[in-house]
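Me: I have a structure to go through with you. Let me ask short questions, and please reason briefly before you give each result.

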Amino acid sequence: MIPLPIREIAPGAVHLPGWLTSDERRRLVEACRAWARGPVPMRHTVLPRGGVMSVRTVCLGWHWQPYRYTRTADDVNGRPVAPLPEWLADLGRRAVADAYGEAGAYDPDTALINFYDGQAKMGMHQDKDEKSAAPVVSLSIGDACLFRFGNTETRGRPYTDVRLDSGDAFVFGGPSRFAYHGVPKVYAGTGDPATGLSSGRLNLTLRVTGLR
């Protein structure tokens with residue numbers, strides 16, 4: 001198949017279809033299985049008002065809980081999170097370079113790994129708990145999803161719907177760094193079993209917290 005071209009969805013927001021190689025997808029699936037076992041296990045995040053997120057999440061480098069980062073998972077088991085490996089940070093730098101023509105000084109220090117089953121969704125939200133405006137790098141493996149990328153002012157229109165398939169990368173920074181975005185639908189059964197993920201969608205987002 002001829003890969004789709006790289007496409008700018010909004011200023012600073014770039015979709016890179018089929019960006020991960022088959023080997024990279026398999027390596028990420030294997031690594032995510034290990035990270036999901038701990039030291040802090042993958043869990044459904046509980047929101048401050050008692051709601052429970054339908055995706056399951058595990059973090060590297062820093063632990064995210066609504067709406068802050070800590071070094072220990074105080075809302076799970078109190079243990080320090082696993083470190084962010086340099087090879088994963090290198091993937092983030094490469095994605096930024098491919099999206100923008102250069103990586104600059106991009107140095108991600110955390111990754112949020114979300115697993116979506118066929119019914120999981122993610123409401124429109126901003127990634128704004130970081131103290132840095134460096135780009136966010138999103139990597140998708142497994143089932144395709146409908147990714148809704150909006151504006152910086154409101155959860156509603158205008159927005160653009162993008163299908164993210166297994167192996168796609170999406171980078172958003174600059175004017176789009178704090179745009180609202182979400183996942184209203186996962187297309188169950190569309191993944192590639194060769195990755196080692198028989199069902200569901202893995203999404204890894206690499207970020208710069210700006211914290212010490």
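Me: How many cavities of 30 Å³ or more does the structure hold?
Reply: On a 1 Å grid over the protein atoms alone, a cavity is a set of points where a 1.4 Å probe fits but cannot get out. Grid points are joined across faces, edges and corners, and a volume is the space filled by probe spheres set on the points. The number of cavities of 30 Å³ or more is one.

Me: What should I know about the model and its numbering?
Reply: Residues are numbered from 1 along each chain as its sequence is written, and side-chain values use heavy atoms, with hydrogens and water left out. This is a predicted model: local features need pLDDT of at least 70, side-chain atom pairs count only at pLDDT 80 or more, and totals for chains, interfaces and linings use all residues.

Me: Which element gives the largest share of the lining of the largest cavity?
Reply: Lining residues have an atom within 4 Å of a point. For the largest cavity, with about 30 Å³ of space, they are W35, G38, P39, V40, V58, C59, L60, V81 and A82. Strands (E, at least two residues) and helices (H or I, at least four) are DSSP runs, numbered from the N terminus. The largest share, three residues, comes from β4.

Me: How much space lies in the largest pocket?
Reply: A pocket is an open set of grid points with protein on both sides within 12 Å along at least five of seven lines. The space in the largest one is about 670 Å³.

Me: Which residues are the closest to the centre of the largest pocket?
Reply: The elements that give two or more residues to its lining are β4, β7, β8, β9, β13 and β14. In total, 32 residues line this pocket. The closest to its centre are M53, M122, G123, H125 and Q126.

Me: In what order do the strands of the eight-strand sheet come?
Reply: Two strands pair if DSSP finds at least two bridges between them. Here the sheet is open and the pairing is antiparallel. The order is β1-β2-β12-β9-β14-β7-β4-β3.

Me: Which strands stand at the edges of that sheet?
Reply: Each edge strand has a single partner strand, so one side of each is left without a neighbour in the sheet. The twist averages 30° from one strand to the next. The edge strands are β1 (7-10) and β3 (43-46).

Me: Which residue in β2 stands opposite E8?
Reply: Three bridges join β1 to strand β2 (residues 13-16), and the two run antiparallel. E8 has an opposite number in β2, and that residue is V14.

Me: How many residues of strand β7 are buried?
Reply: Buried means under 20% relative accessible area, exposed over 50%, and partly exposed in between (1.4 Å probe, protein chains only). From β7, T110, L112, N114 and Y116 point one way, while A111, I113 and F115 point the other way. The strand is largely enclosed by the rest of the structure, because the buried count is seven of the seven residues.

Me: What is the bridge partner of A111 in β14?
Reply: β7 pairs with two strands in the antiparallel sense: over five bridges with β4 (residues 52-60), and over seven with β14 (residues 201-207). On the β4 side, T57 stands opposite N114. In β14, the partner of A111 is L206.

Me: At what angle does helix α1 run to β14?
Reply: Axes are lines fitted to C-alpha atoms, for helices over the stretch in contact (heavy atoms within 4.5 Å), and angles run from 0 to 180 degrees between N-to-C directions. Helix α1 (residues 22-36) lies across β4, β7, β9 (136-142) and β14. Its angle to β14 is about 85°.

Me: In what order do the strands of the four-strand sheet come?
Reply: This sheet is open, with antiparallel pairing. β8 (122-125) and β11 (160-164) stand at the edges, each with a single partner strand. The order is β8-β13-β10-β11.

Me: Is V96 buried or exposed?
Reply: V96 is found in helix α2 (residues 86-100). Beyond its neighbours within four places in sequence, V96 is in contact with G101, E102, A103, Y106, V137 and V171. Its relative accessible area is 2%, so V96 is buried.
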